[in-house]
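Here is a note to read beside the structure, written as a colleague might write it for someone new to such models. Please keep the view open and find each residue as it is named.

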Amino acid sequence: MKKIIILSLLFTGIGLSSQAQKFFTKTGRIDFNATAPSSPEKIEAVNRTVTCVMDAASGAIQFAMLVKGFTFERALMQEHFNENYMESDKFPKAEFKGSITNNASVNYSKDGTYPVTVKGKLTIHGETKDAEAAGKLQIQGGKINATADFTIVLADYKVAVPGVVADKVNKNARIEVTCNLEPLKS
């Protein structure tokens with residue numbers, strides 16, 4: 001009987017310790033799209049240097065990036081994005097700090113795909129706003145692929161779009177986050 005109790009406690013402890021693990025990456029990806037529906041010109045960029053950390057026990061998640069890390073197809077568009085719209089020298093970083101609202105429904109010790117909702121504070125262009133997004137966690141072999149889609153209103157973050165290009169730039173931008181997270185080594 002003692003052996004059964006000890007084994008039960010041991011297995012429970014293993015489950016809890018894997019649940020308490022933190023996950024991390026420095027190579028996350030954010031795809032940005034602010035193409036207006038009627039515009040033939042794509043306003044798209046990719047940032048492949050996103051840092052993300054997630055605590056499986058609490059569901060806390062945070063990602064951050066340097067705005068100048070976005071790359072556009074055209075160099076001139078990238079220059080305008082950094083200098084005129086995002087003012088990257090003045091506001092060099094963007095970040096999200098929040099949590100997975102349904103973290104209890106994710107079994108971090110079992111491979112599978114889990115729909116999640118993240119909720120927190122998104123800071124862009126020096127402005128911090130409440131943000132919520134649908135996402136998913138795909139767990140496989142102790143690693144996590146985390147994805148989420150945010151839609152933001154550029155004006156909420158005081159990103160001004162000049163009238164000259166207003167027909168090319170959507171008032172709403174789509175932000176797709178993809179992070180392949182590995183266990184954080186202590």
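How many cavities of 30 Å³ or more does the count come to?

1. The model is a predicted one, and the points below should be read with that in mind. As for the question just asked, the count comes to 1 cavity of 30 Å³ or more. The space inside this largest cavity is about 130 Å³.

2. It is worth looking at what surrounds that space. The lining of the largest cavity is made up of 15 residues, and those that lie nearest its centre are I61, V118, A146, T147 and A148. Divided by class, the lining residues of this cavity are 13 nonpolar, 1 polar and 1 charged. Several strands take part, since at least two lining residues are supplied by each of β3, β5, β6 (112-124), β7 (127-140), β8 (143-153) and β9 (169-183). Of the elements, β8 gives the most to the lining of the largest cavity, namely 4 residues.

3. Strand β3, one of those elements, can be followed further through its pairing. Strand β2 (residues 44-55) pairs with β3 (residues 60-66) in the antiparallel sense, over 4 bridges, and in this pair V53 stands opposite Q62 of β3. The hairpin that β2 and β3 form has 4 residues between the strands, and there G59 takes a positive phi near 85°.

4. Strand β3 also pairs with strand β5 (residues 93-100), again in the antiparallel sense, and here the pairing runs over 7 bridges. A useful place to look is F63, which stands opposite F96 in β5.

5. Turning from the cavity to the pockets, the largest pocket has a volume of about 500 Å³. Its lining includes two or more residues from each of β1 (22-35), β3, α2 (75-85), β5, β6 and β9. In all, 31 residues line the largest pocket, with F32, I43, F72, F81 and Y85 lying nearest its centre. The largest share of this lining comes from α2, which gives 6 residues. By class, the lining of the largest pocket has 25 nonpolar, 2 polar and 4 charged residues.

6. Which classes of residue make up the lining of the second largest pocket? The lining has 5 nonpolar, 2 polar and 7 charged residues, around a pocket whose volume is about 240 Å³. There are 14 lining residues for the second largest pocket, and K42, E44, A45, E73 and M77 are those nearest its centre. At least two residues of this lining are supplied by each of β1, β2 and β4 (71-72).

7. A closer look at one residue may help to join these points. Is T35, which is found in strand β1, buried or exposed? T35 counts as buried because its relative accessibility is 17%, and the cut-off for buried is under 20%. A polar atom of the side chain of T35 lies 2.8 Å from the backbone nitrogen of I43, and I43 is one of the residues nearest the centre of the largest pocket. Leaving aside residues up to four places away in sequence, T35 touches E41, K42, I43, E44, K168 and N170. Among these neighbours, K42 and E44 are also listed with the residues nearest the centre of the second largest pocket.

Note on methods: Residues are numbered from 1 along each chain as its sequence is written. This is a predicted model: local features need pLDDT of at least 70, side-chain atom pairs count only at pLDDT 80 or more; totals for chains, interfaces and linings use all residues. Side-chain values use heavy atoms; hydrogens and water are left out. Two strands pair if DSSP finds at least two bridges between them. On a 1 Å grid over the protein atoms alone, a cavity is a set of points where a 1.4 Å probe fits but cannot get out, and a pocket is an open set with protein on both sides within 12 Å along at least five of seven lines; lining residues have an atom within 4 Å of a point. Grid points are joined across faces, edges and corners, and a volume is the space filled by probe spheres set on the points. Ala, Val, Leu, Ile, Met, Phe, Trp, Tyr, Cys and Pro count as nonpolar, Asp, Glu, Lys and Arg as charged, and the others, Gly among them, as polar. Buried means under 20% relative accessible area, exposed over 50%, partly exposed in between (1.4 Å probe, protein chains only). A polar contact is a pair of N or O atoms within 3.5 Å; within protein, one must be able to donate a hydrogen and the other to accept it, and residues adjacent in sequence count only if both atoms are side-chain atoms. Contact means heavy atoms within 4.5 Å.
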